[in-house]
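Work through the following exercises with the sequence and the coordinates open beside you. Each one sets a task and then gives a solution in steps.

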Amino acid sequence: MAKSAVSLNPTREDFEALLAESYSDNPVSEGSVVKGKVVSIENDFAIIDVGMKTEGKIAVKEFAQPGKPSDIKVGDTVEVYLERIENALGEAVLSRDKARREEAWTRLEAMSAKNERVDGVIFGRVKGGFTVDLGGAVAFLPGSQVDVRPIRDVGPLMNVSQPFQILKMDRRRGNIVVSRRAIMEETRAEQRSELVQNLAEGQVVDGVVKNITDYGAFVDLGGIDGLLHVTDIAWKRVNHPSDVLHVGQNVKVQIIRINPETQRISLGMKQLDKDPWEIVAEKYQIGSRVKGRVTNITDYGAFVELEDGIEGLVHVSEMSWTKKNVHPGKILSTSEQIEVQVLEIDPSKRRISLGLKQTQNNPWETFHQKYPNGSEVEGEIKNITEFGLFIGLDGDVDGMVHLSDIDWKRAGEEAIKDYKKGDRVKAKVLDVDQEKERISLGIKQLGSDPIASVAGLKKGDTVTCEVLKVEDNGLEVRVAGSDMSAYIKRADLARDRSEQRTERFAVGEKFDAKITLLDTKARKMNVSIKALEISDEKEAVAQYGSSDSGASLGDILGAALRKKDAEGKE
């Protein structure tokens, strides 16, 4: 009876017990995720019963996955976020998005702590990147983190579930930054490591030219790139890889080297062909003449291609016999076909020395054939230096007249003053040195050597002299019957001091004198009247007595002179 009475007339305590029992079935509180049941769908809104005789509504679109329509229906049990238990209309304020977000953040924080990949869908564009749905939480994908290389069209990546790596999370600010690039790099690294293990040095593989730079080309070997350096493209000189290759070209290459640490692969194309240098020494004999094409011109010479892969250098010194200190570009031009001579071959260093001038006549040899030693030539003075004259000759060669070969009688330093640049002069060929490319000339040799005209004379001989020039300190004279000049010092003009006067003599006057110096090498002669007088006196005294016998010196000399005259008349 009592029990029935209680049930018919519940007390305040009974009501609280019943209410608590009802709450225990579906405990709810504002700001939490609760379970609810879809009781109806009206005007694109789902009516959700979250218990406590409380219902709320949520837009159907909140139940849709990115890129997919919503499939919610009456009777479904869903998790929603309870913002308020009751609003002014007596309805619960619910949110499916916030429920998914709360659930997603908890899940993502746990996965980020373990550095695990997360699945997401790129569903929108924002400034600097894209938005990604990570199962309820929205993350930011920077443009630089989309792929390992810039992508022009991101369309194929939109609304597709794919893995991402969480780079940064801040729950308080609601920020998540993810990267697709990190996943791609990790995948590529795994693939690269696997591919590298299947490759070996020396192996020949097929590839596709992926990129071209100044120093070579990158070739895709099927998921892994290798570098084909410009020097390994061909045996011949390649100025730029784009001259031989283009992006997208299928090529066959050989693996030259694999670096196990960096996994870098070096490739080569020329290694698939025979090295032309192996037969260079047999094909190109030293001294032989061959034709080639000028491929490159530098300050020090020109490179000439003899055949594919074989180039030689014509050094600037081997370009012209006569053009010295001239830039090679003024003698040759690129792509010009020329004939050269093989001078030297070094297969180990892959060098061939070539000569251009050797295919032309040696102008010094030609000159010597036309003008042997002793020939007389004529030319213009091209230059005057401290050691001689340079004269332009036939064949565009120069000859030099040394100071010592300008004049027989005067010093070269004095004689060279008579000449100036541009004068035409005659000279005699003295010597031609073809190796040193030198021609020695002489001007004084055009005339006879004065010393030859006094051949047979010696120091102490008496000669007849003719006055050429009267000076204060002596006389310049010429030995009669010769081209040899001599000098008489003032002190040698007479035995007596009173007679040692230059004014006693006149140009053209003749007299006898004794040779006191004759240097054939220096071509120098000195004569003395005084020495002749002393010599005559000694001879007279020896023949006619001495002054001690009572005869005077005048008597003795007089007798000697009379005897000499008598002998002359006989």
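## Exercise 1: A loop residue and its partners

Val-74 is found in the loop between strand E3 (54-59) and strand E4 (77-84). The model is a predicted one.

**Task.** State which residues Val-74 touches, leaving out those up to four places away in sequence, and give the separation of the C-alpha atoms of Val-74 and Ala-46.

**Solution.** Begin with the contacts: once residues up to four places away in sequence are set aside, Val-74 touches Val-38, Val-39, Ser-40 and Ile-41. Then take the C-alpha atoms of Val-74 and Ala-46, which are separated by 8.2 Å although the two residues are 28 residues apart along the chain.

## Exercise 2: A second loop residue

**Task.** Locate Lys-270, decide whether Lys-270 is buried or exposed, and list the residues that Lys-270 touches beyond four places in sequence.

**Solution.** The first step is the position, and Lys-270 turns out to sit in the loop between strand E15 (265-268) and helix H5 (280-283). The second step is accessibility: the value for Lys-270 is 15%, and because buried means under 20% relative accessible area, Lys-270 counts as buried. The third step is the list of contacts, which comprises Thr-231, Asp-232, Ile-233, Ala-234 and Trp-235 when residues up to four places away are not counted. For one of these, Ala-234, the C-alpha atom is separated by 4.5 Å from that of Lys-270, with their positions 36 residues apart along the chain.

## Exercise 3: Salt bridges across the sequence

**Task.** How many salt bridges does a search of the whole structure find, and where in the chain do the partners Arg-180 and Asp-147 lie?

**Solution.** The search of the whole structure gives 21 salt bridges. In one of them Arg-180 pairs with Asp-147, and the closest N and O atoms are 3.6 Å apart. This pair links distant parts of the chain, 33 residues apart, with Arg-180 in the loop between strand E10 (175-179) and helix H4 (181-197) and Asp-147 in the loop between strand E8 (138-142) and strand E9 (161-170). Both partners are then checked for accessibility: Arg-180 is buried at a relative accessible area of 10%, and Asp-147 is buried at 16%.

**Task.** Describe the salt bridge between the side chains of Lys-357 and Glu-437, and say which residues form a network with this pair.

**Solution.** The side chains of Lys-357 and Glu-437 meet at 3.9 Å, N to O. Lys-357 lies in the loop between strand E20 (351-355) and helix H6 (363-370), while Glu-437 lies in the loop between strand E24 (424-433) and strand E25 (438-442), so the pair ties together parts that are 80 residues apart in sequence. Lys-357 counts as buried, at 8% relative accessibility. Adding Lys-324 completes the network of salt bridges that links Lys-324, Lys-357 and Glu-437.

**Task.** Place the partners Glu-378 and Arg-424 in their strands and classify each by accessibility.

**Solution.** Glu-378 and Arg-424 meet through their side chains in a salt bridge of 3.6 Å, N to O. Because Glu-378 lies in strand E21 (residues 376-385) and Arg-424 in strand E24, the pair ties together parts that are 46 residues apart in sequence. Glu-378 is partly exposed at 42% relative accessibility, whereas Arg-424 is exposed, with a relative accessible area of 54%.

## Exercise 4: Positive phi

**Task.** Which sign does phi take in Asn-115 and in Asn-159, and where do these residues lie?

**Solution.** As background, most residues other than glycine have a negative phi. Asn-115, not a glycine, has a positive phi of about 60°; Asn-115 occurs in the loop between helix H3 (96-113) and strand E6 (118-126) and counts as exposed at 58% relative accessibility. Asn-159, likewise a residue other than glycine, has a positive phi near 55°; Asn-159 belongs to the loop between E8 and E9 and is partly exposed, with a relative accessible area of 45%.

## Exercise 5: A charged patch

**Task.** Name the residues that gather in the patch of negative charge on the surface, and identify the helix that gives the largest share.

**Solution.** The patch brings together Asp-496, Asp-512, Glu-533, Asp-536 and Glu-539. Helix H8 (residues 529-544) supplies the largest share, three residues. Asp-496 lies in the loop between strand E28 (485-489) and strand E29 (510-519), and at 47% relative accessibility Asp-496 counts as partly exposed.

Key. Residues numbered from 1 in each chain as written. Predicted model: local features only at pLDDT ≥ 70, side-chain atom pairs only at ≥ 80, totals over all residues. Heavy atoms only, no water. Patch = residues over 30% accessible without salt bridge, like charges linked within 9 Å, V, L, I, M, F, W, Y side chains within 5 Å. Areas by Shrake-Rupley, 256 points an atom, 1.4 Å probe, with all protein chains shown as cover. Salt bridge = Lys/Arg side-chain N within 4 Å of Asp/Glu carboxyl O. Lys, Arg positive; Asp, Glu negative; His and termini not counted. Charge placed at Lys NZ, Arg CZ, Asp CG, Glu CD. Helix = DSSP H or I, 4+ residues; strand = E, 2+ residues; numbered from the N terminus. Buried < 20%, exposed > 50% of the residue type's maximum accessible area, 1.4 Å probe, protein only. Contact = heavy atoms within 4.5 Å.
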